Amino acid sequence: MKIHEYQGKALLAKYGVPVPYGKAVTSLAEAEAAIADVMKTTGGEVVVVKAQIHAGGRGKGGGVKVAKGAAAALDWAKKIYGMQLVTIQTGPEGKKVQRLLIEQGLDIARELYLGMTLDRATGRVTVMASTEGGMEIEEVAHKTPEKILKESIDPAVGFQPFQARRLAYALGLKGDEVKSCVKFLTTMARAYDELDCSLVEINPMVVLKSGQVLALDAKMNFDDSALFRHPELVELHDPTEEDPSELEAKKFDLSYIALDGNIGCMVNGAGLAMSTMDIIKNYGGQPANFLDVGGGATQAKVTAAFKIITADPQVKGIFVNIFGGIMKCDTIANGVVAAVKEVGLKVPLVVRLEGTNVKEGRAILAGSGLAVVSATDMADGAKKIVELAGGAK
């Protein structure tokens, strides 16, 4: 689960991580009041207006602006609020800005990068830091990987102060800056652990001219499997930031991710789903989604999955690829028939069934009167659906 920057800062602040003073707003009237409050509370003239969407690269897309004075800040708020913000992470369609963060301007000496996530190569949570604050870390890793500093956390003892000092010195910090950074890093590591995060990214982490280290940005993601322990985090979820199809899939406990292609996929098992997307691309097609109906899917779940796929206007063909183990082929067939009868079938449908109750499943499809194209195996199915959906791109 993802949350907004202002929510992440509020959580980190509770743990003692220093953040700028700011207020989140959901209307221009609130923005005007927040600008006045920030200027009055901090005694400064400089205000930062920041779009709040679940995507990085907001500054490059025009979603973060520094203004001097209330009038200039309000002008930027009017321009940013409601805009369709396009960044490297949103895709060409962008995201509509429905929230703003009005924040104090700061006297910044340096911008650094800080992140925490699980390193699957080592099986440990890793703290990453870099002198290249404000840059996209993927670009830094590609061009200058030596500038990314790492400290792995031993789960038996946790993140240690000496590791924090080692990172602080490697970042070129001195004196009080080191003390401030060590406290920042250790408190952030505690927040990561106690909140069951999957990612914490502070980009940039800034050093003020006073020597204080502070989180100028905050990106926090959480492990969905641990949310039952954190009802207070679930309340921070913003459904307007998610794809409507993905929200609908969650209602039925379906694993669904929308993609940019034109071939809808319905598969059981994450590994088979990934293989199905790979083989579609191998024959020149582009998958429109990842969709795993799971091993114990019911007819209702299959019907719901089919409806989600057909609701995507990009889909020009559908490939159902099922290997029945726990999942039974007749259940899939009944679900597909029920869904097609309810919503109709306007695009080609290729079905490959193997495994438990495969004969029954094929018989159900054959006797349904639907225009279903059967496939003998994955390769045959991929070839057929790519051709029927318009050929290789």
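This presentation describes the overall make-up of a predicted protein model, then several of its helices and two individual residues.

Good morning, colleagues. I shall begin with the whole protein. Its secondary structure comes to 13 helices and 18 strands. Along the principal axes, the C-alpha trace spans about 75 × 50 × 40 Å. Of the 393 residues, 48% are buried. If one takes the contacts between residues at least 6 apart in sequence, 67% of them join residues at least 24 apart.

Let me turn to helix α6, which covers residues 176–194. It has 19 residues, and the distance from its first C-alpha to its last is 27 Å, close to the 27 Å expected at 1.5 Å a residue. Which residues of α6 are buried? They are Val 178, Ser 180, Cys 181, Val 182, Phe 184, Leu 185, Thr 187, Met 188, Ala 189, Ala 191 and Tyr 192. The elements that cover these buried residues include the helices α1 and α5, together with the strands β7, β8, β10 and β11. After α6 comes Asp 196, whose phi is positive, near 55°.

In the loop between α5 and α6 we find Gly 172. Its relative accessibility is 39%, and Gly 172 therefore counts as partly exposed. The C-alpha atom of Gly 172 is separated by 8.3 Å from that of Thr 131, although the two residues are 41 apart along the chain.

I now come to helix packing. In general, two packed helices are described by the angle between their axes and the distance between the axes.

The first pair on my list is α2, residues 28–42, and α3, residues 70–80. Their axes come within 10 Å and cross at roughly 145°. The crossing of α2 with α3 is right-handed. From α2, the contact is made by Leu 28, Ala 31, Glu 32, Ile 35 and Met 39; from α3, by Ala 70, Ala 73, Leu 74, Ala 77 and Lys 78. By character, eight of these residues are nonpolar, none is polar and two are charged.

The next pair is α11, residues 329–343, and α12, residues 358–366. How are α11 and α12 oriented to each other? They pack at an angle of about 15°, with their axes 7 Å apart, and α11 and α12 are therefore roughly parallel to each other. This crossing, too, is described as right-handed. On the α11 side the participants are Cys 329, Asp 330, Ala 333, Asn 334, Val 336 and Val 337, and these meet Val 358, Glu 360, Gly 361, Ile 364 and Leu 365 of α12. The residues of this contact divide into seven nonpolar, two polar and two charged.

My last helix is α10, residues 299–310. At 1.5 Å a residue, its 12 residues should span 16 Å, and the end C-alpha atoms are 17 Å apart, which agrees. The buried residues of α10 are Lys 301, Val 302, Thr 303, Ala 304, Ala 305, Phe 306, Ile 308 and Ile 309.

Within α10, I would draw attention to Thr 303. Is Thr 303 buried or exposed? Its relative accessibility is 10%, so Thr 303 counts as buried. Leaving aside neighbours within four places in sequence, Thr 303 is in contact with Gly 335, Ala 338, Ala 339 and Glu 342.

Thank you for your attention.

Conventions:
Residues are numbered from 1 along each chain as its sequence is written. This is a predicted model: local features need pLDDT of at least 70, side-chain atom pairs count only at pLDDT 80 or more; totals for chains, interfaces and linings use all residues. Side-chain values use heavy atoms; hydrogens and water are left out. Axes are lines fitted to C-alpha atoms, for helices over the stretch in contact, and angles run from 0 to 180 degrees between N-to-C directions. Helices (H or I, at least four residues) and strands (E, at least two) are DSSP runs, numbered from the N terminus. Angles under 35 degrees count as roughly parallel, over 145 as roughly antiparallel, 65 to 115 as roughly perpendicular and the rest as oblique. A crossing is left-handed if the near helix is turned anticlockwise from the far one by less than a right angle, and right-handed if clockwise. Contact means heavy atoms within 4.5 Å. Ala, Val, Leu, Ile, Met, Phe, Trp, Tyr, Cys and Pro count as nonpolar, Asp, Glu, Lys and Arg as charged, and the others, Gly among them, as polar. The expected span of a helix is 1.5 Å times one less than its number of residues. Buried means under 20% relative accessible area, exposed over 50%, partly exposed in between (1.4 Å probe, protein chains only).
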